[in-house]
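Hi everyone, thanks for coming along. I'd like to walk you through one structure today, so please have a look at it on the screen.

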Amino acid sequence: MEPTLESVVEVRSYLAPGDERTLADDVLDGLTRPLKKLPPKHLYDARGSLLFEAICELPEYYRTRTERLILETYADDIVARTGAVELVELGSGSATKTRLLLDAMATAGTLRRYVPVDVSAATVHAVADRFCNEYPGLSVHGVVGDFERHLSHLPPAAGPRLVPCLGGTIGNFPPGSRRRFLRGLGNVLDPASHLLLGIDLVKDPRALEAAYDDSAGVTAQFNLNILHVLNRELGADFDVDAFEHVAFFDRRREWIEMRLRATEPQQVRVEALDLDVEFGAREELRTEISAKFTPESLHSDLAAAGLEPVELYTDPDELFAVSLARRAEPGDEPRGAYGGGALIGFTDRAGHWRLAQPRRRPG
Ligand code: SAH
Ligand code: TRP
């Protein structure tokens, strides 16, 4: 009889009951500030998640398909260089691009375990079940938790580990939290392990702004959806039609900022918080930032977090990049940025780090 390969699946949650209160707390805090803001995680209710999936298919929204192209091209190279036996995916979501890495590990014969980490319990369970069925013999250890707080609960490494954080999620942190998050990863990365970070690159502001304000208006619907969430969950009475979607590239800070602007003065009641909020004419509410990187700015963030770049993979149009990095060990030889690998860049005559054309997939 053929030996059968049993897959093992286990999902643990580290979200405390108090975590459910965060919507009310965030809204109370965010709407009573001098410059109003709402945290982006509340954009993703069931409707918001569907709208976001629609955004990922938009012609203007190059990010998802470009990151997929980069992984299709370089997954084998990434697996060969890291020798990874397990993936610990931070913010795994629906993990649509993860399969490219798992397939490359399966082909290399190293694949042993997949550890998806996400605050969304439903997606962790769905992905755990799906991959458990699709990869015979794979052990799946799902973690429902906050990757800023619960990484100490990860199982011990089963061998060289690859830690993907894809989709440009890192760009949604403000710069200080971004470095704190990266520094915290030092505990997850032993010296044999690597971080794999999807980052959106600085480019023509017109292309950037189009990606966040598409002609079909899907992004506007997505951004405005947060007001529907507040109306439903907190008994608020936002007139959603009295707000408009705003997205602009802040050139100095190198991030896209998403806002909702009140088209006329208005007062909003948030019943569950016993709160009345005034909006002046054209007053704006910030919902999300999406930072764009250059190789230099990425280097600074990595270095500040005790990490060092190993490789930077990009697409021919240099729209998006996937960075492979590892923990910098004290006493390491100072390495030239990106040692002997697939691409990557050069310092031009003005002393600026520039991307070179990507090398084709080996073989
Ligand atoms: N990696 C996926 C999803 C990116 S969307 C892709 O590339 O398609 C960002 C994901 O990060 C969402 O699934 C969201 O639930 C998750 N996320 C956001 N903040 C988080 C946090 N603090 N802890 C854990 N997961 C988080
Ligand atoms: N993380 C996504 C990004 O930075 C989220 C996103 C896309 C988004 N479009 C948006 C968030 C519009 C708020 C509004 O690309």
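Let's start with α8, the helix that lies across β7, β8 and β11 and runs at about 115 degrees to β7. A few conventions for that: contact between two residues means C-beta atoms, placed from the backbone, within 7 Å. Axes are lines fitted to C-alpha atoms, for helices over the stretch in contact, and angles run from 0 to 180 degrees between N-to-C directions. Helices (H or I, at least four residues) and strands (E, at least two) are DSSP runs, numbered from the N terminus.

Please keep in mind that this is a predicted model, where local features need pLDDT of at least 70, side-chain atom pairs count only at pLDDT 80 or more, and totals for chains, interfaces and linings use all residues. Residues are numbered from 1 along each chain as its sequence is written, while chains are lettered from A and ligands numbered from 1 in the order in which they are written.

Now the sheet under discussion. It is open, has 3 strands in the order β7-β8-β11, and its pairing is antiparallel; two strands pair if DSSP finds at least two bridges between them. β7 (243-250) and β11 stand at the edges with a single partner strand each, so one side of each has no neighbour in the sheet. On average, neighbouring strands here are turned by 20 degrees against each other, direction ignored.

How many bridges join β7 to β8? There are 8, and the two strands run antiparallel. Glutamate 244 stands opposite arginine 261 in β8. On the other side of the pairing, 7 bridges join β8 (residues 255-262) to β11, and methionine 258 has glutamate 288 of β11 as its bridge partner.

That last pair turns up again at ligand 2. Of the 15 residues around this ligand, Thr219, Asn223, Met258, Glu288 and Ser290 come nearest, where a residue counts as near if its C-beta atom, placed from the backbone, lies within 6 Å. The elements giving two or more residues to this shell are α8 (218-234) and β11 (284-291). By class, the shell has 6 nonpolar, 7 polar and 2 charged residues. Here Ala, Val, Leu, Ile, Met, Phe, Trp, Tyr, Cys and Pro count as nonpolar, Asp, Glu, Lys and Arg as charged, and the others, Gly among them, as polar. At least three shell residues come from each of domain 1 (36-59 + 205-291) and domain 2 (63-202 + 293-355), with bounds from an automatic or database domain assignment.

And ligand 1? It is surrounded by 16 residues, the closest being Gly91, Gly93, Phe147, Leu166 and Gly167. That shell divides into 3 nonpolar, 8 polar and 5 charged residues.

Two loops for the backbone fans. Most residues other than glycine have a negative phi. Glutamate 254, in the loop between β7 and β8, has a positive phi of about 55 degrees. The hairpin there has 4 residues between the strands. Aspartate 274, between β9 (266-270) and β10 (275-279), also has a positive phi, near 50 degrees.

Are these two buried or exposed? Buried takes 20 or more other C-beta atoms within 10 Å of a residue's own, exposed 12 or fewer, and partly exposed is in between, with C-beta atoms placed from the backbone. Glutamate 254 has 17 and is partly exposed; aspartate 274 has 8 and is exposed.
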